[in-house]
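Here is a small set of exercises to work through with the structure open in your viewer. Try each task before you read its solution.

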Amino acid sequence: TQQLTPPVFCVRARKFAAIAGTVNADNVHRLQSRMVLEASNGGITVEANKVLAEKGIPVCPDLFSAGGAGIVR
């Protein structure tokens with residue numbers, strides 16, 4: 001299993017559709033970045049957010065990093 005170790009990991013949309021849950025409970029433990037930039041709507045699951053918080057890795061949420069491109073109701 002390959003570790004993901006860029007200083008800032010960007011969770012983004014692929015092509016024209018945002019993929020929800022890209023970072024989830026199954027793969028969040030592979031992240032070794034110092035910060036996560038969530039650039040797609042819902043790219044990180046609630047469980048993964050909890051793990052990142054426990055590891056002390058800050059997450060810039062999609063609302064800020066994607067410029068509010070989409071609004072979740």
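**Exercise 1.** Is valine 51 buried or exposed?

*Solution.* Keep in mind as you work that this is a predicted model.
Step 1: Find the place of the residue; valine 51 lies in helix 1.
Step 2: Look up its relative accessible area, which is 15% for valine 51. Buried means under 20%, so valine 51 is buried.
Step 3: Check what covers it. Leaving aside neighbours within four places in sequence, valine 51 is in contact with Val28 and His29. The C-alpha atoms of valine 51 and histidine 29 are separated by 7.9 Å, although these positions lie 22 residues apart in the count along the chain.

**Exercise 2.** Work out how the buried and exposed residues of helix 1 are arranged around its axis.

*Solution.*
Step 1: List the buried residues of helix 1, namely Ala48, Val51 and Leu52.
Step 2: Look down the axis of helix 1: these buried residues fall within an arc of 100°, so they line one face of the helix. The spacing fits a general rule: an α-helix has 3.6 residues a turn, so residues three or four places apart point the same way.
Step 3: Turn to the face directed away from the buried side, where the exposed residues Val46, Lys50, Ala53 and Glu54 sit.
Step 4: Ask what the buried side meets. The buried residues of helix 1 pack against strand 2 (35–38) and strand 3 (59–60).

**Exercise 3.** Which residues form the largest nonpolar core?

*Solution.*
Step 1: Collect the members. There are nine residues in this core: Val23, Val28, Leu31, Val36, Ile44, Ala48, Val51, Leu52 and Ile57.
Step 2: Find the main contributor; helix 1 (residues 46–55) gives the most, with three residues.
Step 3: Set this beside a general tendency: in soluble globular proteins, nonpolar side chains tend to be buried together.

**Exercise 4.** Describe strand 2 and the route the chain takes from there to strand 3.

*Solution.*
Step 1: Sort the side chains of strand 2 by face. Val36 and Glu38 point to one face and are buried, while Met35 and Leu37 point to the other and are not.
Step 2: Look at the pairing: strand 2 and strand 3 run in the parallel sense and are joined over two bridges. Valine 36 stands opposite valine 59 in strand 3.
Step 3: Follow the chain from strand 2 through helix 1 to strand 3; this β-α-β crossover is right-handed.
Step 4: On the way, stop just after helix 1, where glycine 56 takes a positive phi of about 75°.

**Exercise 5.** Where is isoleucine 57 placed, and what does isoleucine 57 touch?

*Solution.*
Step 1: Isoleucine 57 has its place in the loop between helix 1 and strand 3.
Step 2: Its relative accessible area is 11%, so isoleucine 57 is buried.
Step 3: Not counting residues up to four places away in sequence, isoleucine 57 touches Ser33, Arg34, Met35, Val36 and Leu52.
Step 4: Take a C-alpha distance as well: isoleucine 57 and serine 33 are 24 residues apart along the chain, with 7.5 Å between their C-alpha atoms.

**Exercise 6.** Summarise the protein chain as a whole: in which order do its elements run?

*Solution.*
Step 1: Count the elements, which are two helices and three strands.
Step 2: Read from the N terminus on to get β-β-α-β-α.
Step 3: Add the burial figure: 25% of the 73 residues count as buried.
Step 4: Finish with the surface; the chain exposes about 5100 Å², and carbon and sulfur atoms supply 56% of it.

How values were computed: Residues numbered from 1 in each chain as written. Predicted model: local features only at pLDDT ≥ 70, side-chain atom pairs only at ≥ 80, totals over all residues. Heavy atoms only, no water. Core = buried A, V, L, I, M, F, W, Y, C linked by side-chain atoms within 4.5 Å. Buried < 20%, exposed > 50% of the residue type's maximum accessible area, 1.4 Å probe, protein only. Helix = DSSP H or I, 4+ residues; strand = E, 2+ residues; numbered from the N terminus. Arc of directions from axis to C-beta. Contact = heavy atoms within 4.5 Å. Pairing = 2+ DSSP bridges. Right-handed = clockwise from strand over helix to strand, strands pointing away. Areas by Shrake-Rupley, 256 points an atom, 1.4 Å probe, with all protein chains shown as cover.
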